Amino acid sequence: MGRMMRLLADGLAPDGRAAKAIFDFVENRPDPHEVIGLRLAGALHALVLTGTSPALVAVYPPNSVDDHKLLSTILREMEAHADHVITWLASAPQTNEIRRSNALLPGIGLIAAQTGLPLMLSEPGASGGINLMLDQFHYSFEERTWGPDDSPVRLKPDWSGSLPDLPELLISERRGCDLAPVDLLDPEHQLLLMSYTWPDQTARMARLRAAFDIGKIHRPQVDQADVLPWLKQRLDAQPEGMTHVIFHSVFWQYLGEAGRADMRAAIETAGQQATASRPLAWLRLEADGAAPGAGLDLQIWPSGEARKLARASFHGDWVEWTG
């Protein structure tokens, strides 16, 4: 996909409906978080996954063609399916990377061990809610394993550092929100997630399909909602005797400065009202201006203690635990 993007960067000209729509998008929406490259890549991959464009199927992995053949086919098929491409560009990409649970699960395990209470999970920016099912995956952390032995989702991160205790999780309630939630049981929504999982990443595709199977039994609830009012409702709904864990991954950047400030204020205000029998935890795997990868940060109330737990890749394939 990187090769395809480089070819398009040099070879795309505004000489057709789809191409002009791309140039108009870049001119009118220059924010890099709008990720025009991802939108276009997803649109084209959807044509491959559905078999709508046999010509694209013939030049996509596992097939191999030279640069000229690849670029000329993409440009031709992009215009042949201009309505599809233009429609696809209008919607933000939807990804739901399962391997981020490689970092999130130990963080939630640490929270459970520290508070000793059942958990209430809230995930803003949840997409299809795959990571809300993180206790249904099987993990191999170096020589230790955790999770159902028969899970079809098998995760084995490249792990470094000590591993925190991983108790059995008692998750009493879980829920997410998203502006455009994905229904894991809807074939069209499944196509959306698969289209943003690149064709040469066969293991990721297999894990995603396995997560769809888990969703048939443990279907996550993801509400269509703006994050701030939804989160305030969730904070108010926390009962006594339960730890409320707010967690998110590669979501923070999409809120904007004002949205981030409002969300932080809502969580910190609720944290001031937390008690030992009604604790609040905020776990996030987000870009933090450092490298490599993203930072895994935890703040937990009533103490208000903030800890840096780990660094992990944005896709979660490696974790460096320091917490």
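**Entry 1. The loop between β2 and β3**

I began at E142, which lies in the loop between β2 and β3. The model I am reading is a predicted one. The phi of E142 is near 55°, a positive value in a residue other than glycine. I then asked whether E142 is buried or exposed. At 52% relative accessibility E142 counts as exposed, because the cut-off for exposed is over 50%.

**Entry 2. The sheet on either side of that loop**

I looked up the strand order next. β3, β2 and β4 make an open sheet of three strands in the order β3-β2-β4, and the pairing is mixed. β3 (144–146) and β4 (154–155) are at the edges with a single partner strand each, so one side of each has no neighbour in the sheet. Strand β2 covers residues 138–141 and pairs with β4 in the parallel sense over two bridges. For H138 I noted R154 in β4 as the bridge partner.

**Entry 3. S127**

I went back along the chain to the loop between β1 (119–124) and β2, where S127 is found. S127 is another residue other than glycine with a positive phi, here near 60°. Is S127 buried or exposed? I found S127 buried, at a relative accessible area of 2%. I set this beside E142, which counts as exposed.

**Entry 4. Cis peptide bonds**

I checked omega as well. Most peptide bonds are trans. P61 and P62 are joined by a cis peptide bond, with omega about 10°. I placed P62 in the loop between α4 (54–59) and α5 (67–80). A cis bond also joins A291 and P292, and its omega is about -5°. P292 is in the loop between β9 (280–286) and β10 (294–301).

**Entry 5. Strand β12 and its partners**

I then turned to β12, residues 318–321. Which residues of β12 are on the covered face? V319 and W321 are on that face, while W318 and E320 are on the uncovered one.

I looked up two pairings of this strand. Strand β5 (residues 158–160) pairs with β12 in the parallel sense over three bridges, and D158 has W318 as its bridge partner in β12. Strand β11 (residues 305–312) pairs with β12 in the antiparallel sense, over three bridges. There A312 stands opposite V319, a residue of the covered face. W318, the partner of D158, belongs to the uncovered face.

β11 and β12 form a hairpin, with five residues between them. I noted a positive phi of about 80° at G316 in the turn.

**Entry 6. The whole protein**

I left the overall figures for last. I count eleven helices and twelve strands in the protein. The radius of gyration is 21 Å, close to the 20 Å that the globule rule gives for 323 residues, so the protein is as compact as a globular protein of that length. The C-alpha trace spans about 65 × 45 × 35 Å along its principal axes.

How many of the 323 residues count as buried? I have 50% in my notes. The accessible surface comes to about 14700 Å², and carbon and sulfur atoms account for 51% of it. Of the contacts between residues at least 6 apart in sequence, 69% join residues at least 24 apart. Last, I looked up the charges: there are 29 positive and 41 negative ones, and their mean positions are 1 Å apart.

Note on methods: Residues numbered from 1 in each chain as written. Predicted model: local features only at pLDDT ≥ 70, side-chain atom pairs only at ≥ 80, totals over all residues. Heavy atoms only, no water. Helix = DSSP H or I, 4+ residues; strand = E, 2+ residues; numbered from the N terminus. Rg over C-alpha atoms; globule rule 2.2 N^0.38 Å. Buried < 20%, exposed > 50% of the residue type's maximum accessible area, 1.4 Å probe, protein only. Contact = heavy atoms within 4.5 Å. Areas by Shrake-Rupley, 256 points an atom, 1.4 Å probe, with all protein chains shown as cover. Lys, Arg positive; Asp, Glu negative; His and termini not counted. Charge placed at Lys NZ, Arg CZ, Asp CG, Glu CD. Pairing = 2+ DSSP bridges.
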